[in-house]
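Got the model open? Let's go through it together, a question at a time.

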Amino acid sequence: MDMSISRRQLSLAALVAMATSAAPSLAVAAPSLAYAFSGKLLFGFAVTPEQLDGGLATELIERHSSVLVAENAMKPDALAGKGEGIYDFATADRVVAFAAARGIKVRGHTLLWHRQMPEWFFRDGAEEVNRATLISRIERYIADVVGHFKGRVFAWDVVNEALVADEPGTAVDAAGLRLSPLRDIVGPEFIEIAFRAAARADPGALLFYNDYETQNPRKVALISALVRHLRERGVKIDGIGHQAHCSMAHPMVHDFERAIDQYGALGLIQHITELDIALNQQLMENLVSAATPALLQRQSQRYADLVNLFLRKRDKVHALLVWGLSDANSWLTSWPMPRFEAPLLFDAQLQPKPAFEAVLRAARQAR
Ligand code: XIL
């Protein structure tokens with residue numbers, strides 16, 4: 001086990017914090033999730049840079065994490081918003097330095113996506129960029145960014161959400177690729193180009209394809225076909241990232257289990273990259289208006305069921321990241337519409353919820 005982590009997470013710092021801090025301290029005194037998961041899964045959160053500037057959120061993140069990902073700070077619009085070859089690494093560097101100082105690993109999210117790309121990427125003056133120029137921009141962006149973080153980001157989501165299954169209303173091509181400027185201007189090869197560029201820039205980093213609804217059998221088929229295609233062409237791909245944005249009734253644990261086994265059979269490692277569990281029954285519902293004790297209890301059982309699965313599959317699943325620290329700042333409160341959601345492990349006052357206790361218990365009990 002990493003000694004810097006165990007010392008940090010077992011130390012008396014929590015008790016000192018309890019005695020000296022005016023902030024509510026129950027959360028800081030709770031046992032470390034990273035410690036409970038150590039030797040089983042890497043565990044951590046998606047974080048915002050402001051959460052690392054001190055205070056209770058910072059203490060919780062450092063206490064409970066063995067891996068971190070930036071919720072937005074490493075996306076192309078954040079790193080390269082100003083133009084080609086002009087980077088703003090300062091904020092992302094702070095996240096990486098915070099992690100490095102504490103022996104916490106960093107996942108990089110995400111190199112190419114159809115969202116949160118800077119506008120200049122697809123423009124050439126008043127015109128749409130041509131194919132050759134876009135390919136060279138992709139290659140340059142990935143070389144620069146992966147090169148900048150080389151050795152400090154251990155795993156990259158190289159391509160995010162490029163495949164679509166069972167989504168009426170979302171435009172796709174015959175191969176299931178989402179229509180997007182990347183796909184439309186470059187063609188399907190944009191994925192291969194991205195993976196090759198990432199492997200060149202940091203041969204030691206693990207390279208992932210990341211997506212939602214990864215348990216959907218048609219998505220499993222599409223992703224598996226992509227992986228086989230890349231491998232046939234000699235392209236390095238190491239893993240599949242399961243976003244795992246869940247609701248109370250979706251997806252079913254056994255569907256997830258089957259999918260994990262299918263990706264495992266391809267010899268891929270897997271990370272659960274963006275876990276959250278909305279209180280609504282279905283993903284895009286907006287029917288819940290309060291986190292009642294009964295709902296929070298059911299949510300904690302749902303967390304336990306899913307985390308137990310991931311722990312049981314830990315020969316294939318190596319990391320588990322929750323998409324946000326507390327219910328005060330989950331993306332689900334504004335997506336796909338403004339709504340009440342309390343999908344995370346800590347409540348809006350940063351106190352541990354029943355879901356926290358359930359995840360801790362699952363991690364401790366896993367044999
Ligand atoms: C979300 C962030 O949480 C929001 O803050 C941002 O406004 C939009 O993106 N799938 C992904 C993540 O891969 O990058 C998304 O993160 C959530 C869905």
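A quick definition before we start: a polar contact is a pair of N or O atoms within 3.5 Å. Keep in mind that this is a predicted model.

Q: Which side chain has a polar atom 2.7 Å from an oxygen atom of the ligand?
A: A pair of N or O atoms has to lie within 3.5 Å to count as a polar contact. The pair to look for joins a ligand oxygen to a polar side-chain atom at 2.7 Å, and the residue is H109.

Q: How far is an oxygen atom of the ligand from an N or O atom in the side chain of Q116?
A: Look for an N or O atom in the Q116 side chain and an oxygen atom on the ligand. The limit for a polar contact is 3.5 Å, and the distance here is 3.2 Å.

Q: Which residue puts a polar side-chain atom 3.3 Å from a nitrogen atom of the ligand?
A: This time the ligand atom is a nitrogen, and the distance to it is 3.3 Å. The cut-off for a polar contact is 3.5 Å, and the side chain belongs to E161.

Q: How much of the ligand's own exposed area does the protein bury?
A: Start with the ligand taken alone, which exposes 410 Å². Put the protein back around the ligand, and the buried share of that area is 78%.

Q: How many residues of the shell around the ligand are charged?
A: There are 13 residues around the ligand, and the closest are E71, K75, H109, E274 and W323. Sort the shell by type and you get 3 nonpolar and 6 polar residues. The charged group numbers 4.

Q: Is E161 buried or exposed?
A: E161 sits in the loop between β6 (155-160) and α9 (181-186), and its phi is near 60°, a positive value in a residue other than glycine. Most residues other than glycine have a negative phi. The relative accessible area of E161 is 8%, and buried means under 20%, so E161 is buried.

Q: Where is L350, and is it buried or exposed?
A: L350 has a phi near 70°, again a positive value in a residue other than glycine. Its place is the loop between β11 and α14. With a relative accessible area of 16%, under the 20% limit, L350 counts as buried.

Q: Which residue does a cis peptide bond join to P251?
A: P251 is in the loop between β9 (245-246) and α12 (253-265). Most peptide bonds are trans. The bond in question is cis, with omega about -5°, and the partner of P251 is H250.

Q: What is omega for the peptide bond from W335 to P336?
A: You'll find P336 in the loop between β11 (317-322) and α14 (354-365). The bond that leads from W335 to P336 is cis, with omega near 0°.

Q: How many of the 9 residues of helix α5 are buried?
A: Helix α5 covers residues 56-64 and is mostly covered. Among its buried residues are L56, T58, I61 and H64. The count is 7.

Q: How far apart in space are F45 and Q349, C-alpha to C-alpha?
A: F45 lies in strand β1 (residues 42-47) and is buried, with a relative accessible area of 0%. In sequence, F45 and Q349 are 304 residues apart. In space, C-alpha to C-alpha, the distance between F45 and Q349 is 17 Å.

Definitions and conventions. Residues are numbered from 1 along each chain as its sequence is written. This is a predicted model: local features need pLDDT of at least 70, side-chain atom pairs count only at pLDDT 80 or more; totals for chains, interfaces and linings use all residues. Side-chain values use heavy atoms; hydrogens and water are left out. A residue is near a molecule or strand if one of its heavy atoms lies within 4 Å of it. A polar contact is a pair of N or O atoms within 3.5 Å; within protein, one must be able to donate a hydrogen and the other to accept it, and residues adjacent in sequence count only if both atoms are side-chain atoms. Accessible areas come from the Shrake-Rupley method with a 1.4 Å probe; for residues, only the protein chains shown count as cover. Ala, Val, Leu, Ile, Met, Phe, Trp, Tyr, Cys and Pro count as nonpolar, Asp, Glu, Lys and Arg as charged, and the others, Gly among them, as polar. Buried means under 20% relative accessible area, exposed over 50%, partly exposed in between (1.4 Å probe, protein chains only). Helices (H or I, at least four residues) and strands (E, at least two) are DSSP runs, numbered from the N terminus.
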